[in-house]
Structure formats: C-alpha cells, structure tokens
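Subject: Structure handover

Hi,

Here is the structure I promised to pass on. Please open it first, then read my notes below.

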Amino acid sequence: MQVPLWLALIAVGYLGVKLIRPPWWLIAVLLLGGYLLADSVLASAIDTAVK
C-alpha cells in the first residue's frame, strides 16, 4: 500500500499534537523555521548532512 507523503505527514502531525500537546508557539516556530530553511542557502548543507 502506497500512501502519499503529504497524507502521512498530516496523520503524524495530528497524532503528535493530540498525544504530546506541545504549545502552539512551538508548532508555529517549527513550521516557519522549516519553511524558511528549505528555501535558504543552508538547505543544500542540511541535505548532504542528512544523507
């Protein structure tokens, strides 16, 4: 069974928020930080470090 990545991320995010209950500002910082890092110069460095 193949599940689209966006659907898996939504499901994991929903369960994480329901079970762990992080503060709303932490969720906003992680989302905004990830969005900004993905379009920055550091994206290639992070990509090579992760691989």
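Is Ile10 buried or exposed? Ile10 is exposed, because its relative accessible area is 52% and the cut-off for exposed is over 50%. One caution before the rest: this is a predicted model.

**Surface patch**

Ile10 sits in helix 1. It is also one member of a nonpolar patch on the surface. The other members of that patch are Met1, Val3, Trp6 and Leu7. Together the five side-chain owners, Ile10 included, have about 640 Å² of accessible area.

**Largest pocket**

Next, the largest pocket. Its volume is about 160 Å³. Two elements give two or more residues to the lining: helix 1, residues 5–20, and helix 2, residues 24–38. Helix 1 provides the largest share, with five residues.

Which residues line the largest pocket? Here is the list: Val12, Gly13, Gly16, Val17, Ile20, Pro22, Ile27, Leu30 and Leu31. By class, seven of the lining residues are nonpolar and two are polar. None of them is charged. The two glycines, Gly13 and Gly16, belong to the lining, and Gly counts as polar in this split.

**The loop between helix 1 and helix 2**

Please look at Arg21. It lies in the loop between helix 1 and helix 2. Its phi is positive, about 55°, and Arg21 is not a glycine. Most residues other than glycine have a negative phi. Is Arg21 buried or exposed? Arg21 is exposed, because its relative accessible area is 63%.

**Salt bridge**

How many salt bridges does a search of the whole structure find? The search finds one. The partners are the side chains of Asp47 and Lys51, at 3.7 Å from N to O. The two partners can be described by accessibility. Asp47 is at 40% relative accessibility, so it counts as partly exposed. Lys51 is at 78%, so it counts as exposed.

**Helix 3**

Helix 3 covers residues 42–50, and Ala49 is in it. Ala49 has 65% relative accessibility, so this residue counts as exposed. How far apart are the C-alpha atoms of Ala49 and Leu5? They are separated by 21 Å, with their positions 44 residues apart along the chain.

**The start of the chain**

Gln2 is in the segment before helix 1. At 80% relative accessibility, Gln2 counts as exposed. Gln2 can also be set against Lys51, the salt-bridge partner of Asp47. Gln2 and Lys51 are 49 residues apart in sequence. In space, their C-alpha atoms are 23 Å apart.

**To recap**

The places to open in the viewer are these:

- the nonpolar patch on the surface, with Trp6 and Ile10 among its members
- the largest pocket, lined by residues including Val17 and Leu30
- Arg21, with its positive phi
- the salt bridge of Asp47 and Lys51

Over to you.

Best wishes

Definitions and conventions. Residues are numbered from 1 along each chain as its sequence is written. This is a predicted model: local features need pLDDT of at least 70, side-chain atom pairs count only at pLDDT 80 or more; totals for chains, interfaces and linings use all residues. Side-chain values use heavy atoms; hydrogens and water are left out. On a 1 Å grid over the protein atoms alone, a cavity is a set of points where a 1.4 Å probe fits but cannot get out, and a pocket is an open set with protein on both sides within 12 Å along at least five of seven lines; lining residues have an atom within 4 Å of a point. Grid points are joined across faces, edges and corners, and a volume is the space filled by probe spheres set on the points. Helices (H or I, at least four residues) and strands (E, at least two) are DSSP runs, numbered from the N terminus. Buried means under 20% relative accessible area, exposed over 50%, partly exposed in between (1.4 Å probe, protein chains only). A salt bridge is a side-chain nitrogen of Lys or Arg within 4 Å of a carboxyl oxygen of Asp or Glu. Patches are made of residues with over 30% relative accessible area and no salt bridge: like charges are joined within 9 Å, nonpolar side chains (Val, Leu, Ile, Met, Phe, Trp, Tyr) within 5 Å. Accessible areas come from the Shrake-Rupley method with a 1.4 Å probe; for residues, only the protein chains shown count as cover.
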